[in-house]
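The following exercises invite the reader to examine a protein model step by step. Please work through each task with the sequence and the structure in view before reading its solution.

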Amino acid sequence: QLKIIVQSKEKFQYKLMVIFLLVLCTLLPAPASTVQRLSFDHASTSQKVVALTFDADMTPRMLGELKSGKVASWYNENVIAALRQQHVPANLFLTGLWIEPYTAATKELSDDPLFELGNHSYSHGGFRSPCYGLAAIRESNEASEVQRTDDLLKKYATSYKKYFRFPGLCFDAEDVKRVETQGYLVVGGDVYGGDGFEKSPT
């Protein structure tokens, strides 16, 4: 009988412990999700809409091809014309190296209420590496990559948004923190065109 009493006491203590843990769990805040969204990718809406974004990339190699005449232009005016014809708004993320040869276009685009301009770094290097063959940006140069383009936007754009998109969308949480300290919101994307990697226009 003593054995039965001991077992009953142990069961009672076990039940008390379970009840205590259940009560404790209800009082404690829920743990943060292990999956943290690092960038703004899409808005919460019930409307059937999409937000179009375009990146005006320019690397040092691309700039060299422009200056040498190998490439006639890195400004796709046909895309802008189509957006205007259809009255379609879009966000345009410009690199500093793109703004410098296209200062007039930068101002023109910023004057158009259809478009919002954002920051796409200065030289379009990867903030994380490897990144689709992009040159790696040193951590010590990341702030400069953002600031140099910010300065150019202030100089040549009538208005712009403090939105930043990482080249190649290659970044981590620490990169996001550094950009946010410069007053920028990091914008990503959830549907990728992939046209930058296509060799044929069709």
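Six exercises follow, each with a worked solution.

The model is predicted, so local features need pLDDT of at least 70 and side-chain atom pairs count only at pLDDT 80 or more, whereas totals for chains, interfaces and linings use all residues. Residues are numbered from 1 along each chain as its sequence is written, and side-chain values use heavy atoms, with hydrogens and water left out.

**Exercise 1. The overall plan**

Determine how many helices and strands the protein has, and in what order the elements run.

Solution. Begin with the definition: helices (H or I, at least four residues) and strands (E, at least two) are DSSP runs, numbered from the N terminus. By this rule the protein has seven helices and five strands. Read from the N terminus, their order is α-β-α-α-β-α-α-β-α-β-α-β. Next, consider burial, where buried means under 20% relative accessible area, exposed over 50%, and partly exposed in between (1.4 Å probe, protein chains only). Of the 202 residues in the protein, 33% are buried. Finally, turn to contacts, meaning heavy atoms within 4.5 Å. Among contacts between residues at least 6 apart in sequence, 73% join residues at least 24 apart.

**Exercise 2. The strands β1, β2 and β3**

Find which strands pair with β2, and in which sense.

Solution. Two strands pair if DSSP finds at least two bridges between them. Strand β1 (residues 53–56) pairs with β2 in the parallel sense over four bridges, and T53 stands opposite N91 in β2. Strand β2 (residues 90–94) also runs parallel to β3, to which five bridges join it. Within this second pairing, L92 stands opposite L117 and F93 stands opposite G118.

The next step is to examine how the strands are covered. In β2, five of its five residues are buried. A90, L92 and L94 lie on one side and N91 and F93 on the other, so both faces are covered. For β3 (residues 115–119), four of its five residues are buried.

**Exercise 3. The surroundings of I80**

Establish whether I80 is buried or exposed, and which residues it contacts.

Solution. First locate the residue: I80 belongs to helix α3, which spans residues 77–86. Its relative accessible area is 7%, and therefore I80 is buried. Leaving aside neighbours within four places in sequence, I80 is in contact with Y75, L92, L109 and F115. F115 is 35 residues away from I80 along the chain, yet their C-alpha atoms are separated by 9.5 Å.

**Exercise 4. The two sides of α2**

Identify which residues of α2 are buried, and where they lie around the axis.

Solution. In helix α2 (residues 60–68), the buried residues are M62, L63, E65 and L66. They cover an arc of only 160 degrees around the axis, which means that they are on the same side of α2; the arc is that of the directions from the helix axis to the C-beta atoms. A general rule is useful here: an α-helix has 3.6 residues a turn, so residues three or four places apart point the same way. On the other side of α2, P60, R61, K67 and S68 are exposed. The cover over the buried residues of α2 includes α4 (96–99). After the helix comes G69, whose phi is positive, near 90 degrees.

**Exercise 5. The disulfide**

Locate the disulfide and state which parts of the chain it ties together.

Solution. A disulfide is taken as a pair of cysteine sulfur atoms within 2.5 Å. A search of the whole structure finds one. It is formed by C131 and C170, with their sulfur atoms 2.1 Å apart. C131 lies in the loop between β3 and α6 and C170 in the loop between β4 and α7, so the pair ties together parts that are 39 residues apart in sequence. Both C131 and C170 are buried.

**Exercise 6. The surroundings of H124**

Find which side chain makes a polar contact with that of H124.

Solution. H124 lies in the loop between β3 and α6. Its relative accessibility is 8%, so H124 counts as buried. A polar contact is a pair of N or O atoms within 3.5 Å; within protein, one must be able to donate a hydrogen and the other to accept it, and residues adjacent in sequence count only if both atoms are side-chain atoms. Such a contact, of 3.3 Å, joins the side chains of H124 and D57. Not counting residues up to four places away in sequence, H124 touches several others, among them M58, T95 and E145.
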